[in-house]
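The following exercises concern aromatic pairs and nonpolar cores. Please examine the sequence and the structure before attempting them.

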Amino acid sequence: DLCITPLFSLMSKRDTETAHSVLGKLFVPMLRVKLNKKRKARKKEQLLASRKDIERPGVPELKELEFFDGWQDHMLQTVSESLVPVAYEEGEYVCMEGDWDNCMFLFGTGKVDIYVRPPKTKSRASDDGFKVASILPGGPKSVFGEFAVLCNEPRSATIVAGPDTTLWVLQSETISSILTMLRPKTLKELVRKTDERRAQNMVKLRPLKPSTLIESCSIFNQWPNETLITLCTQFTPVVFRPGHKVIEQDEPGEALYIIASGTVSVRVRNNGDDASSSSDE
């Protein structure tokens, strides 16, 4: 007994030290992350409190934005009450290209810069992308980030805050609930304008280049670069909604399509049998 007791004491002590070491490795990083989040949240609150010149957009202000054309006053009042102000430091990321998100933004103050990454670039830093535009308060572009909400797609660009930038954040739940109440004509017009802006962004953010043509179709490999440059200018951006038919089997072809993003399903009918399908990106 005199020998066994010290042995168990030693084992118990060793187990305790091991447990403390394991717990420390597990919980210390988690605690640091939690503390950092609290610190950032507190800093955000202080930053927002220092900007006293922002005013919540009301129904009259929202009516001036193209995005809300045709929306009834009670819907705009719901939007106004649901807006959450967020202050950003200069150089802070508002959203990242490729991320899935569930909110859109309305301008308060400041400006934001838009960056896109070259194709197949994995880095998420704005330094590895190139600046394509800036957005300032006022006008129809005072709303941005709506594609992630309306089209259920990842962010198409990285948004970086400029000096003294404050944005109003609107969550997708609010938008989704209001969309069900919009008049059919208003909803159809909203979809049309959204797709129109997406097409415009394709030209601005992802212009078609000769290298893209060569990668997409081998028949362009031997074409002179000058010819490919001219050919690129002849393409028109088109946005297709899920389920929309791009071409129909057995119908004469009238256009060549290059897939800029997303997927398509290819279905082939064989002697009246059910169509088989495959997907291309």
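**Exercise 1.** In this predicted model, determine whether Phe240 is buried, partly exposed or exposed, and then describe its pairing with Tyr257.

*Solution.* The relative accessibility of Phe240 is 32%. Buried requires under 20% and exposed over 50%, so Phe240 counts as partly exposed. Tyr257, at 39%, is likewise partly exposed. The two residues form an aromatic pair with 6.1 Å from centre to centre and 65° between the planes, which is edge-to-face. Both Phe240 and Tyr257 lie in the loop between helix H8 (225-232) and strand E9 (264-268), so their pair ties together parts that are 17 residues apart in sequence.

**Exercise 2.** State how many aromatic pairs there are, and classify the pair of Phe220 and Trp223.

*Solution.* The count comes to 7 aromatic pairs. For Phe220 and Trp223, the ring centres are 5.0 Å apart and the planes stand at 85°; planes over 60 degrees apart count as edge-to-face, so this pair is edge-to-face. Phe220 is buried, with a relative accessible area of 2%, whereas Trp223 is partly exposed at 37%.

**Exercise 3.** Identify the residues with the most contacts inside the largest nonpolar core, and name the elements that each supply at least two of its residues.

*Solution.* This core has 25 residues, and those with the most contacts inside it are Phe67, Phe68, Trp71, Val79, Leu106 and Ile175. At least two residues each come from helices H2 (59-63), H3 (73-82), H4 (146-150) and H5 (172-179), and from strands E3 (103-109) and E8 (165-171). Phe67, Phe68 and Trp71 also form one aromatic cluster.

Note on methods:
Residues numbered from 1 in each chain as written. Predicted model: local features only at pLDDT ≥ 70, side-chain atom pairs only at ≥ 80, totals over all residues. Heavy atoms only, no water. Phe/Tyr/Trp six-rings, centres within 6.5 Å; stacked < 30°, edge-to-face > 60°. Buried < 20%, exposed > 50% of the residue type's maximum accessible area, 1.4 Å probe, protein only. Helix = DSSP H or I, 4+ residues; strand = E, 2+ residues; numbered from the N terminus. Core = buried A, V, L, I, M, F, W, Y, C linked by side-chain atoms within 4.5 Å.
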